Amino acid sequence: MENMKSARTYNAEEPGSDLSEQIKLATKDTHIRAENTQLMLSYQKGQITLPQYKVLLCSLYEIYVALEEEMDRNSSHPAVAPIYFPQELARVESLESDLEYFFGSDWRKRVIVPAATHRYVQRLRQVGKENPGLLVAHAYTRYLGDLSGGQVLGKITQKSLGLSSKEGLAFFSFPGVTSPNRFKQLYRSRMNSIELNDKEKRAMLEEAVASFEFNIQVFDDLQKMLSVTTDPVDQSQNNAVNFPSSPLMRITVGFCIALASVGVGFYAL
């Protein structure tokens, strides 16, 4: 398959090449594609809008619930245990705080995600049940991406949305990590210590590529979701996006998004 080209052509047996470096090289092409999706280009230019950020938070929440529940369930797995840092990295509670800030106390009833998010969540659940070691690929591309870009993207988001405080930006904060650079070094060291045979390493590289692909699809589907959400939103206020609230309308929106879905790829924040 085209989207697995990078992982398949890279020599996983290259002497002196750590797993983290192999993943970085294997995902290079998809990473570039992810950074050039419409949503992420807007983000990098400081043009992220309130509706865009809110629907992004909804998808991130569903993805992290699945990832962290599977990580918790498989925390003693020999591949997962070395990179299991729930106190330092867990994002679900932070996302819940942000969602409540933007959507209100009834935020759970207002979360809507596109078809691509459901596909990504299903893959995380499948991996957690059938091949937990592959969770390492998803955790690495997500958590280290969030940790690397957290400070910068947090400031961009705050400025773009006109937020006067840090409220609504908990996702970008890692209070359990005193030094992001040192922690990333520790994380990569732990990850590189995982014992994998050639077949397992190849599967890990392909899963890392797939994780980017799933996320690019999420970003593209979020743009389509916004195109069918026609109610105007006042960008100067921190009110929730006016998503359809009735079950019938929510099903209709979800159906439209599913029909509009196309396969593209992702980016790790």
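**Close-up 1. Partly exposed R125 and its partner E69.** In this predicted model, R125 has a relative accessible area of 25% and is partly exposed. Its side chain forms a salt bridge with that of E69, at 2.6 Å from N to O. The contact joins distant parts of the chain, with E69 in helix α5 (residues 50-73) and R125 in helix α8 (residues 115-130), 56 residues apart. E69 is likewise partly exposed, at a relative accessible area of 42%.

**Close-up 2. A salt-bridge network that includes R125.** Salt bridges link E69, E70, R73 and R125 into a network. The model holds 7 salt bridges.

**Close-up 3. The salt bridge between E207 and R123.** The side chains of E207 and R123 meet at 2.7 Å, N to O. This pair also links distant parts of the chain: R123 lies in helix α8 and E207 in helix α11, with their positions 84 residues apart. E207 counts as buried because its relative accessible area, 5%, is under 20%. R123, at 23%, is partly exposed.

**Close-up 4. The salt bridge between R33 and E213.** A salt bridge connects the side chains of R33 and E213, with an N to O distance of 2.7 Å. R33 belongs to helix α3 (residues 28-35) and E213 to helix α11 (residues 198-228); the two residues are 180 residues apart and tie together distant parts of the chain. E213 is buried, with 6% relative accessibility, whereas R33 is partly exposed at 36%.

Key: Residues numbered from 1 in each chain as written. Predicted model: local features only at pLDDT ≥ 70, side-chain atom pairs only at ≥ 80, totals over all residues. Heavy atoms only, no water. Salt bridge = Lys/Arg side-chain N within 4 Å of Asp/Glu carboxyl O. Helix = DSSP H or I, 4+ residues; strand = E, 2+ residues; numbered from the N terminus. Buried < 20%, exposed > 50% of the residue type's maximum accessible area, 1.4 Å probe, protein only.
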